[in-house]
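Biologist: Could you take one part of this protein and walk me through it closely? I would like to know what surrounds it and how its side chains connect to the rest.

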Amino acid sequence: MHFFKVISGKKLIAGVGIVAGICVTAHAALAAVNDISVSAAKRDLPIYSVEREEKVCALTFDAAWGNEDTEQLIDILDEHDVKATFFVVGEWVDKYPESVKALSDAGHEVMNHSSTHPHMTELSADNMIQEVRSCNEKIEKITGECPTLFRPPYGDYNDSVVSTMRSIGMYTIQWDVDTRVIKRKNAYSPKLLPNNVDFTV
């Protein structure tokens with residue numbers, strides 16, 4: 001037995017109109033999602049971590065203010081045969097050239113954290129370049145090596161910061177585990193650390 005529903009011409013036109021409206025809306029929504037995906041794919045991101053098979057981590061420090069703990073830190077790292085990367089501010093290099101040399105002589109990388117510690121996202125591309133090149137020159141004068149890594153002050157970056165750094169041969173580096181989170185009372189948990197890192201010293 002077959003059942004047929006008879007639809008009047010007006011209802012048929014209204015139904016086709018509704019279906020067409022749904023199709024147009026769905027198409028527009030999918031196009032918007034595509035635009036968002038394409039736009040997100042074009043986002044210029046810094047390096048947070050590098051996938052490795054070995055259980056390793058990259059230990060980094062930012063040096064912008066004092067140097068009272070630098071020698072002790074070098075000794076502790078040496079005692080455990082650990083090499084680290086120090087991101088230093090140009091003004092810190094001016095104040096503590098002996099610390100920069102000591103870090104370099106101990107086999108640590110000395111890299112760029114800007115010249116004056118500004119919010120890089122508030123600078124023009126030319127001013128960003130000036131900040132970084134000035135710091136690079138100061139570091140290279142002491143260590144003999146020109147930095148290739150840059151950590152933006154305050155972790156403040158946008159597409160312009162990352163692409164401007166790339167245009168002068170610098171890689172923008174962030175962090176993926178923040179010790180300020182780990183050192184909070186009762187905050188330490190292996191869940192805060194990347195899966196492939198053994199965090200024992």
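Modeller: Happy to; what follows is a close look at helix 5 and then at some salt bridges.

This is a predicted model, in which local features need pLDDT of at least 70, side-chain atom pairs count only at pLDDT 80 or more, and totals for chains, interfaces and linings use all residues. Residues are numbered from 1 along each chain as its sequence is written, and side-chain values use heavy atoms, with hydrogens and water left out.

Helices (H or I, at least four residues) and strands (E, at least two) are DSSP runs, numbered from the N terminus. Helix 5 covers residues 125–143, and its 19 residues reach 27 Å from first C-alpha to last, close to the expected 27 Å. That expected span is 1.5 Å times one less than the number of residues.

Now for its two faces. I call a residue buried under 20% relative accessible area, exposed over 50%, and partly exposed in between (1.4 Å probe, protein chains only). Met128, Ile129, Glu131, Val132, Cys135, Asn136, Ile139 and Thr143 are the buried residues of helix 5. They sit on the same side of the helix because their arc around the axis is only 160 degrees, taken from the directions from the axis to the C-beta atoms. The face turned away from that side carries exposed Asp126, Gln130, Glu137 and Lys141.

Contact here means heavy atoms within 4.5 Å. The cover over the buried residues includes strand 2 (85–88), helix 3 (90–95), helix 4 (97–105) and helix 6 (159–167).

Thr143 is buried at 18% relative accessibility. Leaving aside residues up to four places away in sequence, Thr143 touches Val100, Ser104 and Val110. A polar atom of the Thr143 side chain also lies 3.1 Å from the backbone nitrogen of Glu145. Between those two comes Gly144, which follows helix 5 and has a positive phi, near 80 degrees.

A salt bridge is a side-chain nitrogen of Lys or Arg within 4 Å of a carboxyl oxygen of Asp or Glu, and the count by this rule is six. One of them joins Lys138 to Asp94 (2.9 Å, N to O). This pair links distant parts of the chain, with Lys138 in helix 5 and Asp94 in helix 3, 44 residues apart. Lys138 is partly exposed at 23%, and Asp94 is partly exposed at 48%.

Another salt bridge joins Arg166 and Asp44 (2.6 Å, N to O). Arg166 is in helix 6 and Asp44 in the loop between helix 1 (9–41) and strand 1 (60–63), so this pair ties together parts 122 residues apart in sequence.

Conventions
Polar contact = N/O pair within 3.5 Å; in protein donor to acceptor, adjacent residues only side chain to side chain.
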